[in-house]
Structures are given as C-alpha cells and as structure tokens.
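User: Got a model to go through with you. Can we take it piece by piece?
Analyst: Sure, put it up.

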Amino acid sequence: MINFQRISLFLHLLVEKLSIYLFSILVVSQISTVLLRYIYHTGFLALHDMSVYSFSGLVLMSVLYTFGRNEHVRVDVFREGHSVKIQQWVDIVSIVLFLIPFFALILYWVCLLYTSPSPRDKRQ
C-alpha cells in the first residue's frame, strides 16, 4: 500500500510540473501567434498548433490533477447519503462509463480522423 501511495504521489507531482510547463508553452505560443499575425502580418501554423496541443494536454492533465486531489466536480445525486465505499464505487463506475469513453473518442478523432489522409490523396 505504501508503494502505491508513493507512486501516486510521484505521478501527481509529475502531472503538476508538466501542467506548469504546458501552461507556460501555451501562453508564450499564443502571444507569439497573435503578435506575428497582427504586427508582422504573417502566420506561423506550427506555433499555433503548439498552442492548441498544449491546451489539449493541459485539459487532459487537469482532469488527472483534480481527481488526484479529490477536488473534481461531481453530481452528487447518486453519492448523496451513501457510505464512503459506495461513493468510491460510484466514482469508479462514472469514470469507466463516462470519462474513459469520452477521452477514447477524442483520441480516435485526433489520431485517426485528423491525421488520416484525405480521400483526394487516394485518387490516382
């Protein structure tokens, strides 16, 4: 049990540090994109993509961070008035039924649909 707590604490601190770095990257890349567009009248798509992906990573890690601190937003309709063990089971079931499929759908969209070649590329 102690080993699990140490691993959990390490991962929590790692997510916290990575979130700080991602937020810094997000701010710098977004400000740079705006300055390039409105002052120099040019765009840099890779910089814009970096801000979009860092924001996406920040959103994903914020879910992990809030679950690790047990401060996430809940709808307490199913948890209210039950024991701690039942509340934990409700949390687990809600993660399996809602959170994991949602992130799987996002990964499917990003990995397969966004990066797949267009139908025009398949023509000869």
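User: What share of the contacts in the protein with a separation of 6 or more comes from residues 24 or more positions apart?
Analyst: Residues at least that far apart make up 60% of those contacts. Contact means heavy atoms within 4.5 Å.

User: Where do the coordinates come from, and what are the ground rules?
Analyst: This is a predicted model, where local features need pLDDT of at least 70, side-chain atom pairs count only at pLDDT 80 or more, and totals for chains, interfaces and linings use all residues. Residues are numbered from 1 along each chain as its sequence is written, and side-chain values use heavy atoms, with hydrogens and water left out.

User: What is the mean pLDDT?
Analyst: The mean is 81, and 85% of the residues reach 70 or more. pLDDT is the predictor's confidence in each residue, from 0 to 100.

User: Which element has the lowest mean pLDDT, and which the highest?
Analyst: Helix α3 (residues 84–114) is lowest, at 80. Helix α1 (residues 2–38) is highest, at 87. A caution on use: where pLDDT is low, the predicted coordinates should not be read in detail.

User: How many helices and strands are there?
Analyst: There are 3 helices and 0 strands. From the N terminus the order is α-α-α. Helices (H or I, at least four residues) and strands (E, at least two) are DSSP runs, numbered from the N terminus.

User: How much of the protein is buried?
Analyst: Of the 124 residues, 15% count as buried. Buried means under 20% relative accessible area, exposed over 50%, and partly exposed in between (1.4 Å probe, protein chains only).

User: What about the surface, how much area does the protein expose?
Analyst: About 10,500 Å², with carbon and sulfur atoms supplying 71% of it. Accessible areas come from the Shrake-Rupley method with a 1.4 Å probe; for residues, only the protein chains shown count as cover.

User: On to S51. Buried or exposed?
Analyst: S51 is buried, at a relative accessible area of 2%. It sits in helix α2 (residues 45–69).

User: What does S51 touch?
Analyst: Leaving aside neighbours within four places in sequence, S51 is in contact with L26, S29 and Q30. There is also a C-alpha distance to I31: 9.6 Å, with the two positions 20 residues apart along the chain. I31 lies in helix α1 and is partly exposed, at 48%.

User: And S54, what is its relative accessibility?
Analyst: S54 has 4%, so it counts as buried. S54 is in α2. Not counting residues up to four places away in sequence, S54 touches L22, I25 and L26.

User: How about S56, where is it?
Analyst: S56 is in helix α2. At 34% relative accessibility, S56 counts as partly exposed. S56 and L22 are 34 residues apart in sequence, and their C-alpha atoms are 9.5 Å apart.

User: Any pockets? What is the volume of the second largest one?
Analyst: The second largest pocket has a volume of about 350 Å³. On a 1 Å grid over the protein atoms alone, a pocket is an open set of points with protein on both sides within 12 Å along at least five of seven lines; lining residues have an atom within 4 Å of a point. Grid points are joined across faces, edges and corners, and a volume is the space filled by probe spheres set on the points.

User: Which residues lie nearest its centre?
Analyst: Y53, S56, I106, W109 and V110, out of 14 lining residues. α2 and α3 each supply at least two residues of the lining.

User: What is the lining by class?
Analyst: It has 11 nonpolar, 2 polar and 1 charged residues. Ala, Val, Leu, Ile, Met, Phe, Trp, Tyr, Cys and Pro count as nonpolar, Asp, Glu, Lys and Arg as charged, and the others, Gly among them, as polar.

User: Backbone next. What is the phi of H41?
Analyst: H41 has a positive phi of about 55 degrees, although it is not a glycine. H41 lies in the loop between α1 and α2 and is exposed, at 68%.

Notes: 1 Å grid on protein atoms, 1.4 Å probe; cavity = no way out; pocket = protein on both sides within 12 Å on 5 of 7 lines; lining within 4 Å.
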